[in-house]
Amino acid sequence: PDAAVDDAVAAADAYSPGTTVIVTDLETDIQWNGAHGKVIAYDPPTGRYIVELTSAKWNQSGRQLRLSLLPEKVVYDAPISINTAPLVTTSTLPESGRIDTVTTP
């Protein structure tokens with residue numbers, strides 16, 4: 001019994017409301033796989049997350065679509081960060097013009 005309670009607590013803590021997630025591994029409603037959404041709540045009695053889809057593809061009618069998903073059917077949608085700063089500029093080259101070692105940030 002304690003393991004079930006621990007699993008429920010862990011699931012509830014995994015994704016707090018507002019966390020962006022991706023729907024994954026659905027076997028029946030496969031059209032939702034890959035859809036991006038935002039966690040609205042965790043429902044302890046069902047052990048499911050309520051996820052509101054954020055992709056315009058799924059919300060074309062103007063209403064927000066919500067899914068009730070088991071924890072293993074959502075994964076964290078990590079933001080992508082692109083560093084556009086140059087690694088080496090001409091001002092950082094030694095007088096020889098050669099670079100033997102480059103340290104990246």
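These legends walk through several close-up views of one predicted model.

A note before the views: residues are numbered from 1 along each chain as its sequence is written, and side-chain values use heavy atoms, with hydrogens and water left out. As the model is predicted, local features need pLDDT of at least 70 and side-chain atom pairs count only at pLDDT 80 or more, while totals for chains, interfaces and linings use all residues.

**View 1. The whole chain, with one helix and five strands.** Following the sequence, you meet the elements in the pattern α-β-β-β-β-β. Helices (H or I, at least four residues) and strands (E, at least two) are DSSP runs, numbered from the N terminus. The chain has 105 residues, of which 23% count as buried; here buried means under 20% relative accessible area, exposed means over 50%, and partly exposed lies in between (1.4 Å probe, protein chains only). About 7,600 Å² of the chain is exposed, and carbon and sulfur atoms supply 54% of that area. Such areas come from the Shrake-Rupley method with a 1.4 Å probe, and for residues only the protein chains shown count as cover. Among contacts (heavy atoms within 4.5 Å) with a separation of 6 or more, 36% are between residues 24 or more positions apart.

**View 2. Strand S1 and its two partners, S2 and S5.** S1 pairs with S2 in the antiparallel sense over three bridges; strands count as paired if DSSP finds at least two bridges between them. Within this pairing, threonine 20 has lysine 38 in S2 as its bridge partner. Strand S5 (residues 74-76) also runs antiparallel to S1, joined by three bridges, and here valine 23 stands opposite valine 74. In a regular strand the side chains alternate between the two faces of the sheet. Along S1, Val21 and Val23 point to one face and are buried, whereas Thr20 and Ile22 point to the other and are not.

**View 3. The S2–S3 hairpin and its continuation into S4.** S2 and S3 pair in the antiparallel sense over six bridges. Four residues lie between these two strands in the hairpin, and glycine 47 in the turn has a positive phi of about 70°. S3 also pairs with S4, again antiparallel, over four bridges. Valine 51 is a good residue to look for: valine 39 stands opposite valine 51 in S3, and valine 51 stands opposite leucine 67 in S4.

**View 4. The largest nonpolar core, with 15 residues.** A nonpolar core is a set of buried Ala, Val, Leu, Ile, Met, Phe, Trp, Tyr and Cys residues joined through side-chain atoms within 4.5 Å. Val23, Trp32, Tyr49, Val51, Leu53, Leu69 and Val74 have the most contacts inside this core. The elements giving two or more residues to it are S1 (20-23), S2 (36-43), S3 (48-53) and S4 (66-69), and S3 gives the most, with three. Leaving out residues up to four places away in sequence, valine 74 touches Tyr15, Val21, Ile22, Thr24, Tyr49, Val51 and Leu69.

**View 5. A cluster of aromatic rings: Tyr15, Tyr42 and Tyr49.** Rings of Phe, Tyr and Trp (its six-membered ring) pair if their centres lie within 6.5 Å; planes under 30 degrees apart are stacked, over 60 edge-to-face, and the rest tilted. The count by this rule is two aromatic pairs. One of them joins tyrosine 42 and tyrosine 49 edge-to-face, at 5.1 Å centre to centre and 65° between the planes. Tyrosine 42 is buried, with a relative accessible area of 16%, and tyrosine 49 is buried too, at 0%.

**View 6. Histidine 36 in strand S2.** Histidine 36 is partly exposed, with a relative accessible area of 33%. Its side chain makes a polar contact of 2.7 Å with the side chain of aspartate 77. A polar contact is a pair of N or O atoms within 3.5 Å; within protein, one must be able to donate a hydrogen and the other to accept it, and residues adjacent in sequence count only if both atoms are side-chain atoms. Histidine 36 and valine 21 are 15 residues apart in sequence, and their C-alpha atoms are 5.8 Å apart in space. Residues up to four places away aside, histidine 36 touches Val21, Ile22, Leu53, Thr54, Ser55 and Asp77.

**View 7. Threonine 24 in the loop between S1 and S2.** The side chains of threonine 24 and aspartate 25 are joined by a polar contact of 3.5 Å. Beyond its neighbours within four places in sequence, threonine 24 is in contact with Asn33, Glu72, Lys73, Val74 and Val75.
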